[in-house]
Amino acid sequence: MAKTQTTFFCKNCGASSPKWVGKCNSCGEWNTYTEEVIHKDKPEYKKTWKSQSVKSVLKPVLLADVEHGADFRYELKDLELSRVLGGGIVPGSVILIGGEPGIGKSTLMLQIALQFTNKKVLYISGEESDTQIKMRAERLPFRNNDCYLFTETSTQKIGKALQELQPDIVVIDSIQTLQSELIDSTPGSISQIKETAGDLIRFAKETGTPVFLIGHITKDGALAGPKLLEHMVDTVLQFEGDRNHVYRILRTTKNRFGSTSEMGIYEMHGAGLREVSNPSEILISQRDENLSGIAISATIEGLRPLLIETQALVSTAAYGTPQRNSNGYDAKRLNMLLAILEKKCGLRMGMQDVFINITGGLRVEDPGIDLGVIAAIVSSYQNVPIDNKIAFIGEVGLSGEIRAVSRIEQRISEAEKLGFTTVYISKFNKLPKQKSNITIVELSKLEEMLNYLFG
Ligand code: TYD
Ligand code: MG
């Protein structure tokens, strides 16, 4: 008779303990242990995944002797995803893609599956039926005659199907619906996620087949399931955006095969997701007249320069404590900029409500947009518009100095390409001598900029 064993798992880090404990010894979180039932000693345990072509190395080898094939990555038609992954899919890699319900994870993965015209793709869904997926596929403008569907949640059955079909690429929608028959707990529980993801990762590594896992996220934005899942996979992508906006942003939070600073932008429309290759043009709102409280900054996301628009609204606080609200920009940094304005430029920000919004639902962490944020705030405060042909590039230091930023040439040339005539930058940014038509205003302190703009 199979021995039934119950174990307690930490919801945060996936650590296990035979008894319930209040505080996790491994991650220090309180009240995260839940009980789950496991059958560990079934004979077939861990033997269900026969390798198709085991390339495993049995003894230590010299790093210099390890060969890598010429076809190092699968090319993708979708250039946004390709860039986010660091230039295509590495064979045998496991990519976890998380996002809120309804953001478009299934749509994105189905459309990626359909874009491979010469690869056999297996799309495994535990959430939708064949006909539902077919209906979705009909709306998309791509066709792949070698795309298979499998609506199944048992990893044992999925394992068999994988051995028979031998697909080139596998998509799992979603990891929270999968279930190993060897474990009694419900799908989506920590032990199930650990076990099923472990199986799929082993499959990917043994056969060199890339596997995409779609993952749900919890209400505070973290990927559901143990943190361990993120450690197990090679790449973690976040698909985010405001469901009321059409733009969706794909970011990497972890990538073993590329940079994590890359970002892909998509637009959701009637026929699926469309890649946005010229983001600056859409992120800057169209307007005929100059309005106060708007400033454009040139930032860098990954390798791409990007012009973004900051909108600020400053108004006298009606009640006691003034409100500070920021959308897409770090709230702590906003408070810091307001303190600098108060102390160094003598603007009375202490009595003002301040609202900041980065348009397009974007979240920007680059401190190089500080100067633009300050310009927008002061423009709204003074109610004086800024000429819409000026772009701002610079980080602001605590004593009000304007600091140099990285990759200044790229930022300036993007601004120039989009028709800006003037850029405000730090004078400490060393620019190579070259002829350009754009006027460059070099500044060392905030007061200088405010004098230029608002007199
Ligand atoms: P979906 O991929 O089902 O989201 P997820 O898997 O992340 O839960 O996307 C659902 C949303 O996308 C839905 O609200 C409708 C919208 N959508 C379009 O606007 N156009 C389309 O062509 C498709 C397929 C979906
Ligand atoms: Mg879905």
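Guide: A residue counts as buried when its relative accessible area is under 20%. This model is predicted. Of the protein's 455 residues, 49% count as buried.

Visitor: What makes up the secondary structure of the protein?
Guide: It comes to 11 helices and 21 strands. The C-alpha trace spans about 85 × 50 × 50 Å along its principal axes.

Visitor: What supplies the area that the protein exposes?
Guide: The protein exposes about 22,200 Å². Carbon and sulfur atoms supply 51% of that area.

Visitor: Which share of the contacts with a separation of 6 or more comes from residues 24 or more positions apart?
Guide: Such residues account for 66% of those contacts.

Visitor: Why are H9 and H11 called oblique to each other?
Guide: Helix H9 covers residues 370-382, and helix H11 covers residues 446-454. They pack at an angle of about 50°, with axes 11 Å apart. Roughly parallel needs an angle under 35 degrees, and roughly perpendicular starts at 65. The angle fits neither class, so H9 and H11 are oblique.

Visitor: What is the handedness of the crossing?
Guide: H9 passes H11 in a right-handed crossing.

Visitor: Which residues make the contact?
Guide: H9 brings Leu 371, Ile 374, Ala 375, Val 378, Ser 379 and Gln 382. H11 brings Leu 446, Met 449, Leu 450, Leu 453 and Phe 454.

Visitor: How do the residues of the contact of H9 with H11 divide into nonpolar, polar and charged?
Guide: Nine are nonpolar, two are polar and none is charged. Leu, Ile, Ala, Val, Met and Phe count as nonpolar. Ser 379 and Gln 382 of H9 take part in the contact, and Ser and Gln count as polar.

Notes
Residues numbered from 1 in each chain as written. Chains lettered and ligands numbered in written order. Predicted model: local features only at pLDDT ≥ 70, side-chain atom pairs only at ≥ 80, totals over all residues. Heavy atoms only, no water. Axes fitted to C-alpha atoms, helices over the stretch in contact; angles between N-to-C directions. Helix = DSSP H or I, 4+ residues; strand = E, 2+ residues; numbered from the N terminus. Parallel < 35°, antiparallel > 145°, perpendicular 65-115°, else oblique. Left-handed = near helix turned anticlockwise from the far one by under 90°. Contact = heavy atoms within 4.5 Å. Buried < 20%, exposed > 50% of the residue type's maximum accessible area, 1.4 Å probe, protein only. Areas by Shrake-Rupley, 256 points an atom, 1.4 Å probe, with all protein chains shown as cover.
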